[in-house]
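Before reading on, take a moment to look at the sequence together with the fold, and trace the strands with your eye. The report below is meant to guide that look.

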Amino acid sequence: MADSTRYVLQENQIPTSWYNVVADLPTPPPPPLNPGTKMPIGPEDLAPLFPMAIIQQEVSAQRHIDIPGEVLDIYKLWRPTPLYRAHRLEAALDLPKNVRIFYKYEGTSPAGSHKPNTAVPQAYYAKQEGVTRLATETGAGQWGSALSFAGALFGIDVKVYMVKISFSQKPYRRALMETWGAQCVASPSNETNAGRAILAADPDSNGSLGIAISEAVEDAATREDTKYALGSVLNHVLLHQTVIGQEAIAQMAMADAYPDVVIGCTGGGSNFAGISFPFVPEKLNGKNIRIIAVEPAACPSLTKGVYAYDFGDTAGMTPLMKMHTLGSAFMPASIHAGGLRYHGMAPLVSLMHDQGIIEAQAVKQRDAFAAAIQFARTEGILPAPEPTHAIKVAIDEALKAKEAGEEKTILFNLCGHGNFDLVAYDRYISGQMEDYEHPQSEIAMALAGLPSVAE
Ligand SMILES: Cc1ncc(COP(=O)(O)O)c(C=O)c1O
């Protein structure tokens, strides 16, 4: 097995519980705060937005949380996902035998990414509590597709506010959501107060995840029949994604390997958490594993933001969360990795960065696409624009190890395919893709508006 290309687990090897990293962290995560009183919020404050079972997971410190049987049955539609050894990429990079690259491929899900890993349990718990409609936002369209798919399975209506720039870059994502029965509008829309206010100030707004979140939260908060579902950032979302890393550990064992470096791209932090958190107990036990979060240079929350309390959305409707942030007014450039254009970062990922458990790097989109093209021409799979960032750093780490004559095993998360992202590839191949690096002055301006919280 050691030299196989694909490491495949059986249906009965899908993990039966999610792993909660909170149980193992040296300090507990700072609580979310009520933006008015600045006091920690309780489960009842979140009840208008989320099903109670989800809220309990959000605040849980239990190490393992059982996956309901019905969710496991649905996971079987695409899980376990394969782990690949990147033999052909390694050959193209002329790596020595002791530098190895592995990738976990989440693009085999019906929606094409890791997002259904949490969409399905979120829809399941909503259904259990009698919810008939869910509202959400989507950046790349991957999350909106995933929730639409999950809604179809449980008979729940889904309304998706899709960031306008992605809405125009990816019309077929909308068609996919509609195929699964969801309704999708471009955000900012005229359907919410938050959307109308943004359009009044800037009729040409391209939208942002922060704005789309405001619209979806307002939708859910103002309708009895509707709850809100979030595709990243929050603890319960990261929790659900840990099936990825748990499977990867078993598959690496089949390859007689253990990673020295684990890499994932970070938008809100969920696929990165999914691949890496299950490795954290070993790391905290002293094993030498580097865990690298890769973000776009155009939206550098971990590498250039501050670790402070901020809103999760643009209109200031969510609780305040302590996280790495560029300020909730931050408008990221229109890079093609729509899922990475978020001003904040998961509080858990932020805390672990602050504690030095994980590290972060920023990558420019053209470098990321160059890596993706090399990957596609060797491994075959067309990566989504988001994980191109992880691929770039995986290649860099491999080449550094080769140069230094070091033995290295690298694992990265290929969290989605890019079959709906051909406009981005077309722009790169035809030389029309631009790089954006957000100027420090604009970051400083957005950060000046951070809410003040005494700590
Ligand atoms: C394919 C893909 N990767 C990554 C992300 C970023 O989200 P996260 O950091 O939560 O994994 C998204 C979000 O839309 C996505 O669609």
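What follows describes a predicted model, beginning with its sheets and ending with the surroundings of the ligand.

One open sheet is built from four strands in the order β8-β7-β6-β9, and the pairing within this sheet is parallel. At the edges stand β8 (183-187) and β9 (226-228), each of which has a single partner strand, so one side of each is left without a neighbour in the sheet. From one strand to the next, the twist averages 25°.

Another open sheet holds seven strands, arranged in the order β1-β4-β5-β15-β10-β11-β14, and here the pairing is mixed. Because β1 (6-7) and β14 (359-363) stand at the edges with a single partner strand each, one side of each is left without a neighbour in the sheet.

The table sets out one strand pair from each of these sheets, and both pairs are parallel.

| Strand | Partner strand | Bridges | Residues standing opposite |
|---|---|---|---|
| β6 (133-138) | β7 (157-163) | six bridges | T136 and V160 |
| β5 (99-105) | β15 (408-414) | seven bridges | I101 and I410 |

The ligand has 21 residues around it, of which Q142, S232, G267, G339 and G416 come nearest. Two elements, α6 (142-154) and α13 (270-276), give two or more residues to this shell, and α13 gives the most, with three residues. Which classes of residue make up the shell around the ligand? Sorted in this way, the shell has 12 polar and eight nonpolar residues, together with one charged residue.

Note on methods. Residues are numbered from 1 along each chain as its sequence is written. This is a predicted model: local features need pLDDT of at least 70, side-chain atom pairs count only at pLDDT 80 or more; totals for chains, interfaces and linings use all residues. A residue is near a molecule or strand if its C-beta atom, placed from the backbone, lies within 6 Å of it. Ala, Val, Leu, Ile, Met, Phe, Trp, Tyr, Cys and Pro count as nonpolar, Asp, Glu, Lys and Arg as charged, and the others, Gly among them, as polar. Two strands pair if DSSP finds at least two bridges between them. Axes are lines fitted to C-alpha atoms, for helices over the stretch in contact, and angles run from 0 to 180 degrees between N-to-C directions.
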